Amino acid sequence: NRVVLKPVRRLRDTADKVEQGDYSVRSAIETGDDFESLGESFNRMLDEIERTSGQLRSVNETLDFKVNELAEANIGLFESNRLKSEFLANVSHELKTPLNSIIGFAELLDELASKEESPDPKRRRYVSNIIASGRRLLEMISELLEMAKIEAGRVEVNIAPLETRELLEGLEALMRPQAEA
């Protein structure tokens, strides 16, 4: 009983405490035989479990810290993106108003020039360039505003017939200078 069962009970009691989560418990078998050797092996295993558990706690704390950092960075990025979209929408609107005025006055000058008896071709070309450039700039601003709406999730889709030939000709006119360069 003292030689076999008592050491086995001590090991079982130690194992039960470990099973309940107490990794600080150690086997104290001093029999000078294989049971003592088994107890020492059990203690070394518990030391390793305790060391590994400490490392895991440390890694988990580091991961929690990193997750919090990433969450804060994500919130910052979301806010920056929202501010950028707001800025684009406001700037686009603020640019469209004076640009429409410029285009309107240029069209008025073009209309007046067309009514002259001998219009200056250079001036007509300049006014025509102002109108064309103003309209292109207005389209670009409108596209920026559309992109901001898309990013903000506020885009409205309008299904309408499309003249493919005009679309392709417009794309060709846009891409020709780059392709030729």
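**Serine 27 and the packing of helix α2**

Serine 27 touches Leu11, Thr14, Gly39 and Asn43, leaving aside residues up to four places away in sequence. The model is predicted. Serine 27 sits in the loop between α1 and α2. Its relative accessibility is 9%. Buried means under 20%, so serine 27 counts as buried.

Helix α2 spans residues 34–115. This helix has 82 residues. From its first C-alpha to its last, α2 reaches 117 Å. That is close to the 122 Å expected at 1.5 Å a residue. At the start of α2, a polar contact appears: a side-chain oxygen of aspartate 33 comes to within 3.1 Å of the backbone nitrogen of phenylalanine 35.

The buried residues of α2 include Gly39, Phe42, Asn43 and Leu46. Others among them are Ser85, Leu88, Ala89 and Ser92. Leu99, Ile103, Ala106 and Ala113 are buried too. The buried residues of α2 pack against α1 (5–19) and α3 (121–152).

The packing of α1 with α2 was examined further. The two helices meet at an angle of about 10°, and their axes lie 10 Å apart. Angles under 35 degrees count as roughly parallel, so α1 and α2 are roughly parallel to each other. On the α1 side, the contact is made by Pro7, Val8, Leu11, Thr14, Ala15 and Val18. On the α2 side, Phe35, Leu38, Gly39, Phe42 and Leu46 take part. Nine residues of this contact are nonpolar and two are polar. None is charged.

Methods:
Residues numbered from 1 in each chain as written. Predicted model: local features only at pLDDT ≥ 70, side-chain atom pairs only at ≥ 80, totals over all residues. Heavy atoms only, no water. Helix = DSSP H or I, 4+ residues; strand = E, 2+ residues; numbered from the N terminus. Expected span 1.5 Å × (residues − 1). Buried < 20%, exposed > 50% of the residue type's maximum accessible area, 1.4 Å probe, protein only. Contact = heavy atoms within 4.5 Å. Polar contact = N/O pair within 3.5 Å; in protein donor to acceptor, adjacent residues only side chain to side chain. Axes fitted to C-alpha atoms, helices over the stretch in contact; angles between N-to-C directions. Parallel < 35°, antiparallel > 145°, perpendicular 65-115°, else oblique. Nonpolar A, V, L, I, M, F, W, Y, C, P; charged D, E, K, R; others polar.
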